[in-house]
Structure formats: C-alpha cells, structure tokens
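Open the model in your viewer and keep the selection tool ready. This tour moves from stop to stop, saying what to pick and what is there.

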Amino acid sequence: MKNLPQKISFILFFSFLIVMALITVFKPKLDFSENENRVLEKFPEFSAEKIFNRKFMNGLESYISDHFVGRTEWIRTKTGAELLSGKRESNGVFILKDRLAEKLPEPDMKEVDKSIAAINNFSLDNKNTHIYAMIVPTSTGIYSDELPLNVPQYDQKMFIDEVYDKLSDNIIQLDAYTPLYTNRQQYIYYRNDHHWTTLGAYYAYDSAVKDMGFTPIPLGKYDIEHANNEFEGCLYSKALYDKIPADTVDIYYNTSGPEITSYEVNDGKETTEYSSIYFREYIDKKDKYETFCGPNEPVATIKTNVGNNSKLLIIKDSYAHCYVPFLAQHYSEITMLDLRYINDSYKDIVNMDEYDDVLFLYNVSTFASDTNIKKLDF
C-alpha cells in the first residue's frame, strides 16, 4: 500500500497524456498558425517505405507537435522554466535584456560557395550591367556582445567579409554592417522580429546608395508615420516571452520627392496592380512587416515618376521590402525577384538588357541557408 500514491500519480499522469493525445487527434485542425506566421504540418502520408526510413514517424512527430492542444501555453511554460534555470535561449531565440535575437545555425560553407558561384556566373553573363551585393547582418550579429557566453555564434562580420572576398571583382560590395553597427544604440532592428526596422534600412541606404552613384535623400526630408505600435513578430511567436516591449512599425514618406505610380505583383499565376507599395491591411494582422510590399512573391515591379529611365533588378529576401522605398527615389522602375518562389530561369522572367543595375540583397541568415540562389545557373 505504501506505493499506492505513486501508482495513482502514474495512472493519472498517463491518463492525462492519453486524453491530451486524443483531444489533439480529434480536435479541428488549422492549416496555418497566424501566431507563428507559418503553415502547420499536415498528417504524413502513410506507406511501408516511409515506415522503414522513419519519414512517417518523423512527420507524425512534427504533426503532433504542431497541433498539440494547448501548444501555445506549453511553449510559454517551457520558456519560463528555461529562464528560471538560467538558460537565456528558447526555441532558437536568444532572450536578451531588451530584445529577442535569432539563434543562427553554423552555415554550410559548401552550400554558401554554390550560391557565391551562381552570383559570379550571373555577373559573367551580364557584363554590361552594374552589379551590387549587400549582405546585411541580423541583430544577432550587431549585438553579439550581449549573447550568452556559453552559446557560441559565428561571427557575422567575418562571414560577410568571406562572402565578399569570394565574389568577382566586378561585383560592387555594399557595406551594411558599418552603418548598422555605428547606429546600434538606435532603433535599427525590431525587438520581437528578425527584420530590420525602417530606420535600420535607411542607415544602410544612406551609406550604400552613394556607391551606386546617387546622392541619398537626407533623413530630415522624410515624414514618419508610426503606423502601429503593437508588433510582436516571429521571434516573439517562437519564444512567447512577454517582457520585451512590442515594436513600432514606421513608414517613411518623402512628400517632396518622386512618387510611386504603380506596384505590380505576379504570384506565379497572375499579375495584380496596386497603387501603393504599402499594404495597410497588414497593419492590423499578425505579421505587420508585410505592410511593406506585402507578402513575399515571385516577382514584383515598382514604377515611379523618376525621369531618368533607369531600371534596377533586385534579387532578394524580405529584408528588401522596407529598403526598396528608399531606392524608389532614384529609379524609374525596380523589379524584385525572390528565387525561393521561382522555378524557371530568371532569363525567362526578365530581359536583362533592360536593366542598368542589379542588386543582390540578403540578410546573413537567409544567405547562409538559402539553397535557391543557385537557381541563377538554370
């Protein structure tokens, strides 16, 4: 009888797990998590082959993890427990004094070298075009001195320098690290999201656009709209840590400068034209960063009333979205290509003879992990 309380506790705990599992199996399932801004795992396809190679079991584990009842509270409880134990990292997110920062895996330099080779080959195929590259550090790279000492992170400045050293001599390297590090005490990155803020993008633009042959528009020329101050981005969604203040989404307007006349988005099926690059419906949604140019799409084209007939092609990730409004002050047309959503050759999408300049714009995290850049060799 002395073991009876332990047996009862075991039975209750085991019963609790079974009940939770049953609720997870039979409750209505969502396809998309707005809180985490991602598509949730679907129930894995069953086959004998997938049983033997463990793909079914791995898929089932991911499916249960994504749909487990009370998942949000489990994550929040896990983060709290890890903080109490002295750990300053949860679910791939560093929890710093006044911000959250993305934990980056060590880059596979063999894959990175393939991306670099594809860019170099692109430059050889387009010798008559000015080609620029900007690799932007994430907040983890700028605030590396604030990271936990026992969790090593690779040196992003060193990574950027290594990438630049391997690029062809005819590719002009644009330095985003120095202006961001110089202004690190200012609001240059969101505290709860992995993107840079509009101010961070401006400082990079102010420095880099000079190397592209233009005079930057002074910061004082812009009117700033604080469009929303309740932004809790993807890093918040991963850690569910509530003690970092929500972020503010700022939109910059140069009311005396050139105007955007149209914004065309091709989602791979059809082209839709908009009158603005700012999608205000996202200001009140979870991912407020999509206010800038909307969600990632295969192809998007900005047209302005700049009178110089100059055209720019940007091959990019989402860091370009709050950066491109500044470049739109200098080009009559800008096309953005996101190779993650394109399976055709870029030559079938754009006529390179029409473009004066090309800019490769990626943040360190994307450039270090994205295997789609080599599609340039298609």
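In which loop is Leu 240 found? Select Leu 240 to find out: the loop runs between helix 10 (234-239) and strand 9 (247-253). This is a predicted model, so treat each stop as a computed one. Leu 240 is buried, with a relative accessible area of 3%. Its phi is near 50°, a positive value in a residue other than glycine.

**A second positive phi**

Now select Asn 309. Its phi is near 55°, again positive in a residue that is not glycine. Asn 309 sits in the loop between strand 12 (299-304) and strand 13 (311-316). Is Asn 309 buried or exposed? Asn 309 counts as exposed, because its relative accessibility is 63% and the cut-off for exposed is over 50%.

**The whole chain**

Zoom out and show the cartoon. The chain has 12 helices and 15 strands. Of its 378 residues, 49% are buried. Look also at how the chain contacts itself. Taking contacts between residues at least 6 apart in sequence, 72% join residues at least 24 apart.

**The largest core**

Next, select Met 134, Trp 196, Ile 314, Tyr 323, Leu 327, Ile 334 and Leu 359. These are the residues with the most contacts inside the largest nonpolar core, which has 56 residues. Add helix 9 (residues 198-211): this helix gives the most to the core, with 8 residues. A second, separate core has 34 residues, including Tyr 154, Ile 315, Ala 368 and Leu 376.

Return to Leu 359 and show its surroundings. What does Leu 359 touch beyond residues up to four places away in sequence? Leu 359 touches Tyr 132, Ala 133, Met 134 and Leu 174, among others. Leucines 312, 313 and 327 are also among the residues touched by Leu 359, as are Ile 314, Ile 315 and Tyr 323.

**From helix 9 to Met 212**

Select Met 212. Met 212 lies in the loop between helix 9 and strand 8 (223-231). Met 212 is buried, at 6% relative accessible area. Measure with the viewer from here to Leu 359, C-alpha to C-alpha: the two are 147 residues apart along the chain, but their C-alpha atoms are separated by 9.7 Å. Leaving out residues up to four places away in sequence, Met 212 touches Tyr 132, Leu 174, Leu 312, Leu 327 and Tyr 331.

**Two helices that cross**

Show helix 5 (residues 109-125) with helix 7 (residues 156-166). They pack at an angle of about 40°, with their axes 10 Å apart. That angle makes helix 5 oblique to helix 7. The crossing is right-handed.

Which residues meet here? On helix 5, pick Met 109, Val 112, Asp 113, Ile 116 and Asn 120. On helix 7, pick Phe 159, Glu 162, Val 163 and Lys 166. The residues of this contact divide into 5 nonpolar, 1 polar and 3 charged.

**Phe 292**

Move to the loop between strand 11 (271-274) and strand 12, where Phe 292 has its place. Phe 292 is buried, with a relative accessible area of 1%. Tyr 278 is 14 residues away along the chain, and the C-alpha atoms of Phe 292 and Tyr 278 are separated by 5.2 Å. Not counting residues up to four places away in sequence, Phe 292 touches Tyr 190, Thr 198, Val 249, Asp 250 and Ile 251, among others. Further residues touched by Phe 292 include Ile 277, Tyr 278, His 321 and Cys 322.

**Ile 342**

Select the loop between strand 14 (333-337) and strand 15 (357-363), and find Ile 342 there. Ile 342 is buried, at 5% relative accessible area. Ile 342 and Val 299 are 43 residues apart in sequence and 8.5 Å apart in space, C-alpha to C-alpha. Val 299 is also among the residues that Ile 342 touches, together with Pro 298, Leu 337, Ile 349 and Lys 375.

**Last stop: Ile 373**

Finish in the segment after helix 12 (364-369), and select Ile 373. How buried is Ile 373? Its relative accessible area is 0%. Lys 316 is 57 residues away along the chain, and the C-alpha atoms of Ile 373 and Lys 316 are separated by 9.4 Å. Leaving aside neighbours within four places in sequence, Ile 373 is in contact with Ser 115, Ala 118, Ile 119, Leu 339, Tyr 362 and Phe 367.

Conventions
Residues are numbered from 1 along each chain as its sequence is written. This is a predicted model: local features need pLDDT of at least 70, side-chain atom pairs count only at pLDDT 80 or more; totals for chains, interfaces and linings use all residues. Side-chain values use heavy atoms; hydrogens and water are left out. A nonpolar core is a set of buried Ala, Val, Leu, Ile, Met, Phe, Trp, Tyr and Cys residues joined through side-chain atoms within 4.5 Å. Buried means under 20% relative accessible area, exposed over 50%, partly exposed in between (1.4 Å probe, protein chains only). Helices (H or I, at least four residues) and strands (E, at least two) are DSSP runs, numbered from the N terminus. Contact means heavy atoms within 4.5 Å. Axes are lines fitted to C-alpha atoms, for helices over the stretch in contact, and angles run from 0 to 180 degrees between N-to-C directions. Angles under 35 degrees count as roughly parallel, over 145 as roughly antiparallel, 65 to 115 as roughly perpendicular and the rest as oblique. A crossing is left-handed if the near helix is turned anticlockwise from the far one by less than a right angle, and right-handed if clockwise. Ala, Val, Leu, Ile, Met, Phe, Trp, Tyr, Cys and Pro count as nonpolar, Asp, Glu, Lys and Arg as charged, and the others, Gly among them, as polar.
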